[in-house]
Amino acid sequence: MRAARRSPSPAPNRRRVLLAGGALGLGALLTACGDSGSSASGKNGKGGGGGGSWRFKDDRGKTAATEEHPKNIVAFISAAAALHDYGIECKGVFGPSEPVGGKPNPQAGDLNLKGLTSLGTEWGQFNIEKYAALEPDLLISNMFPAPALWYVPEESTEKIASLAPTVGISVARTSLKEPLKRYTELAASLGADLETERVRAAKARFHRAERTLRKAAEANRGLKVMAMTGTADQMYVAVPDSYCDLNYFKGLGIEFVEGKKSDEWGFWEFLGWENADRYHADLIMIDNRTSALPAKELAKKPTWNKLPAVAAGQTIPWPMEERYSYAGYAPVLERLAATVEKSKRLKR
């Protein structure tokens with residue numbers, strides 16, 4: 001359980017797929033590409049990603065640098081989706097991207113996946129041969145928490161890092177505002193125009209939604225909200241301060257059930273399904289990722305169906321790995337505000 005407990009994902013299939021083994025031709029590709037970030041210099045690239053060197057200091061305190069402006073970018077799926085919202089396109093992605101119930105994967109945002117190379121969709125999957133073949137200039141991922149790059153297999157970290165510089169953006173134990181700011185800065189360094197109508201409209205919509213959510217929380221003060229995910233054997237109650245979105249929602253006035261840390265990583269309180277009623281909640285936010293137990297499986301748990309919020313139909317999907325852009329989070333805030341407004345405080 002160590003790999004599961006260290007992250008915000010207790011539920012996914014955590015198969016340890018060893019991808020570092022020596023496939024034919026990989027060694028030559030590693031040698032040819034080298035560590036392109038080790039000797040590059042210059043200022044952050046601006047203005048559409050033209051020529052010139054590039055550098056960016058990430059949330060590990062490491063500076064990624066390239067001698068030429070990065071063109072072949074590979075990123076964790078929601079990171080690629082965030083950059084897309086600023087007009088920065090990736091060549092490859094890794095992490096959950098397959099459709100869910102015939103609909104686009106919520107972590108993929110507005111990406112057109114047909115034109116992207118997937119290096120793997122499950123935990124532990126990262127095809128190094130495919131990655132090398134993309135001739136990457138830069139790899140980007142989130143961190144839950146730093147310094148590990150999300151969905152980059154630990155056993156392959158060194159080989160992956162030898163192919164191109166990497167950037168990690170911290171999205172744990174902080175407010176949502178911080179990764180939103182950092183992805184904006186990263187996109188700008190890669191050539192994004194932050195003054196386009198699309199970008200300005202998304203930010204304005206986010207701030208309107210922020211005000212709406214604050215008003216909804218104030219009008220329904222005392223409403224208890226619980227964020228959770230589930231597996232076949234356990235229900236996990238989120239520790240709100242460990243998640244940047246829940247931390248931020250708290251700052252806007254949402255009153256959360258405070259899960260107690262069950263391990264050193266501190267993202268969840270682990271409960272057997274027989275203890276699913278340990279906390280009272282008027283509204284439940286349910287992890288919407290493909291790694292989480294889906295609603296039809298949750299409904300098979302007798303203790304789940306007896307929870308007041310579930311019985312009252314006061315639940316909402318929790319996009320806990322939404323892309324960190326204003327375009328991504330504005331609808332999240334709007335949906336949460338509308339749900340909080342109509343939810344009622346329930347009897348214990």
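Strand 9 and strand 11 (residues 268–272) run antiparallel and are joined by 5 bridges, and within this pairing Val237 of strand 9 has Glu269 of strand 11 as its bridge partner. The model is a predicted one, and what follows describes its computed geometry. Strand 9 spans residues 234–238, and because 4 of its 5 residues are buried, it is largely enclosed by the rest of the structure. Strand 9 also pairs with strand 8 (residues 224–230), again in the antiparallel sense, through 3 bridges; here Thr229 stands opposite Tyr236, and a hairpin of 3 residues makes the connection between strand 8 and strand 9.

Strand 8 has a further pairing with strand 12, this one parallel and made of 4 bridges, in which Ala227 stands opposite Met285. Strand 12 in turn pairs with strand 13 in the parallel sense, over 4 bridges, and Asp287 has Trp318 in strand 13 as its bridge partner. The pairings are collected below.

| Strand pair | Sense | Bridges | Residues opposite each other |
|---|---|---|---|
| Strand 9 and strand 11 | antiparallel | 5 bridges | Val237 and Glu269 |
| Strand 8 and strand 9 | antiparallel | 3 bridges | Thr229 and Tyr236 |
| Strand 8 and strand 12 | parallel | 4 bridges | Ala227 and Met285 |
| Strand 12 and strand 13 | parallel | 4 bridges | Asp287 and Trp318 |

Strand 12 is mostly covered, with 5 of its 5 residues buried. Leu283, Met285 and Asp287 point one way from the strand, while Ile284 and Ile286 point the other way, and the residues of both groups are buried.

Turning to side-chain packing, the largest nonpolar core has 89 residues, among which Ile140 and Phe249 touch the most other members. Helix 12 (residues 326–342) gives the most to this core, contributing 8 residues. A second core, separate from the largest, has 18 residues, including Val257, Trp273, Ala281 and Ile286. In soluble globular proteins, nonpolar side chains tend to be buried together.

When its neighbours within four places in sequence are left aside, Phe249 is in contact with Leu213, Ile254, Phe256, Met285, Val332, Leu333 and Leu336. Phe249 is also one of the buried residues of helix 8, along with Cys244, Asp245, Leu246 and Tyr248. After helix 8 comes Gly253, which has a positive phi near 110°.

As for the cysteines, Cys244 has a relative accessibility of 2% and so counts as buried, and Cys90 is likewise buried, at a relative accessible area of 11%. Both values follow from a cut-off under which buried means under 20% relative accessible area. Across the whole structure, the search finds 0 disulfides.

The largest pocket has a volume of about 860 Å³. It is lined by 37 residues, of which Val100, Pro106, Asn288, Arg289 and Pro317 are the closest to its centre. Helix 8 (244–251), strand 12 (283–287), helix 9 (295–298), strand 13 (315–318) and helix 12 are the elements that give two or more residues to this lining, and helix 12 provides the largest share, with 6 residues.

At the level of the chain, there are 12 helices and 13 strands, and buried residues make up 54% of the 348 residues. Among contacts with a separation of 6 or more, 75% are between residues 24 or more positions apart.

Key:
Residues numbered from 1 in each chain as written. Predicted model: local features only at pLDDT ≥ 70, side-chain atom pairs only at ≥ 80, totals over all residues. Heavy atoms only, no water. Buried < 20%, exposed > 50% of the residue type's maximum accessible area, 1.4 Å probe, protein only. Pairing = 2+ DSSP bridges. Core = buried A, V, L, I, M, F, W, Y, C linked by side-chain atoms within 4.5 Å. Contact = heavy atoms within 4.5 Å. Disulfide = S-S within 2.5 Å. 1 Å grid on protein atoms, 1.4 Å probe; cavity = no way out; pocket = protein on both sides within 12 Å on 5 of 7 lines; lining within 4 Å. Points joined across faces, edges and corners; volume = space filled by probe spheres on them.
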